[in-house]
Amino acid sequence: MILKYLSEKSTEISALESALERLNPHHSSYAYLEQTLYRKKSGIAGELQLQKLLNTKTLLYDNFILFDLHLFSSGLFQIDCLLVTRSFVLVLEMKNIAGSIVIHPTSHNLERTRSDGQVNYMRNPFYQLRETMDLLEDFFLMNGINLPVKGVLVFRDANSALNVKENSLPSVTLPDLHGFLRRTKSNENLLTPEAFINVIDSLLTKHFCYIPKPISERFDIPKKDFTIGVKCPNCLKFGMKRLHGTWMCVDCKNFHRTAHISALLDYQFLFSKTISRIEMEKFLQCGTSTARTIVKNEKIHYEVQKNKKIYQLNSPYHL
Ligand SMILES: [Zn+2]
């Protein structure tokens with residue numbers, strides 16, 4: 001039974017989309033951001049397929065399934081999907097890699113050959129899975145949970161030529177996953193029903209919302225390279241003007257009272273979750289009285305630093 005679902009649009013995807021909207025398509029980072037967005041979207045598509053499969057098939061032992069967990073133990077870590085049972089937990093690491101794949105157990109790399117013959121290498125996903133399992137074991141140790149941690153690599157595409165040399169951790173393709181889960185059961189319940197619920201509770205309460213670093217910082221893009229201004233929700237052009245307490249598009253003449261909200265979300269994605277009033281005036285291309293009205297009406301919290309009010313954008317606009 002799925003207890004925590006995957007959100008279809010991650011913060012990371014929204015941040016990349018904001019960046020692409022505000023960058024010139026000829027910008028040197030544009031193509032790389034586009035590829036990153038494509039990779040993230042196909043990763044989510046794979047996990048949604050996994051979620052659909054787990055939603056439609058039942059397992060004949062007590063279980064809860066949690067998608068996209070962000071936890072902290074000896075380090076921060078993320079789990080694509082976690083199956084929690086009364087006798088073990090299973091980390092499911094989803095991989096969506098097109099082409100022919102060869103993985104050697106002792107190699108740090110996975111070798112992928114595309115259909116056009118191009119060969120490239122990426123990090124051995126078994127190493128990544130092992131690292132996640134180690135961090136989860138540390139989490140259990142720190143939280144007094146006594147359950148064995150297992151792991152499996154799930155490949156989305158059953159048609160890829162997949163050559164996994166002998167490995168201590170298992171791998172399956174998505175169509176074979178349910179059979180694998182049926183066989184991965186244990187007759188011995190280590191947890192009472194109450195302790196089982198406590199484990200789930202501990203995982204859910206310790207989960208935190210992951211907020212990636214701002215795009216300008218992560219991809220080293222100067223602030224000045226991004227288009228500023230408020231976007232018209234109708235024609236999607238930037239540069240709405242504030243007029244009589246609302247925003248007006250100079251192109252399509254559409255009016256929108258709260259168009260500044262998506263601009264301030266963009267600001268968080270691209271630059272920082274804090275903003276000064278002067279920075280807000282510059283980014284929204286508005287006057288002082290408009291900026292003052294916005295922070296008041298939107299109830300944006302602030303801290304005073306060096307006699308200057310610094311507004312906390314994440315107080316009203318949670319990402
Ligand atoms: Zn417009």
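Two strands count as paired here if DSSP finds at least two bridges between them. With that in hand, the tour of this predicted model can start at the sheet.

**The sheet**

Select strands β7, β6, β5 and β9, in that order: they form an open sheet of four strands with mixed pairing. Colour β7 (119–123) and β9 (162–164) separately. These two stand at the edges, and each has a single partner strand, so one side of each is left without a neighbour in the sheet. Looking from one strand to the next, the twist averages 15°.

Now keep β7 and add strand β6 (residues 109–113). The two pair in the antiparallel sense, over five bridges. To see one pairing in detail, select Glu111, then look in β7 for its bridge partner, which is Tyr121.

**The two domains**

Zoom out and colour the chain by domain. Domain 1 covers 2–206 and domain 2 covers 227–312. Their C-alpha centres lie 38 Å apart. Where the domains touch, the contact takes five residues from domain 1 and four residues from domain 2. On the side of domain 1 that touches domain 2, the residues divide into two nonpolar, two polar and one charged.

**A helix pair**

Next select helix α1 (residues 11–22) and helix α7 (residues 259–270). Two packed helices are described by the angle between their axes and the distance between the axes. For α1 and α7, the axes come within 9 Å and cross at roughly 105°. Angles of 65 to 115 degrees count as roughly perpendicular, and α1 and α7 are therefore roughly perpendicular to each other.

Show side chains for the residues that make this contact. From α1, select Ser14, Ala15, Ser18, Ala19 and Arg22; from α7, select Asp266, Phe269 and Leu270. Taken by type, the residues of the contact of α1 with α7 divide into four nonpolar, two polar and two charged.

**Leu48**

The last stop is Leu48, in helix α2 (residues 30–56). How many other C-beta atoms lie within 10 Å of Leu48? The count is 15. A residue is buried at 20 or more and exposed at 12 or fewer, so Leu48 is partly exposed.

Finally, select Lys306 together with Leu48 and draw a line between their C-alpha atoms. The two residues are 258 residues apart along the chain, and these atoms are separated by 47 Å.

Note on methods:
Residues numbered from 1 in each chain as written. Predicted model: local features only at pLDDT ≥ 70, side-chain atom pairs only at ≥ 80, totals over all residues. Domains from an automatic or database assignment. Contact = placed C-beta atoms within 7 Å. Nonpolar A, V, L, I, M, F, W, Y, C, P; charged D, E, K, R; others polar. Axes fitted to C-alpha atoms, helices over the stretch in contact; angles between N-to-C directions. Parallel < 35°, antiparallel > 145°, perpendicular 65-115°, else oblique.
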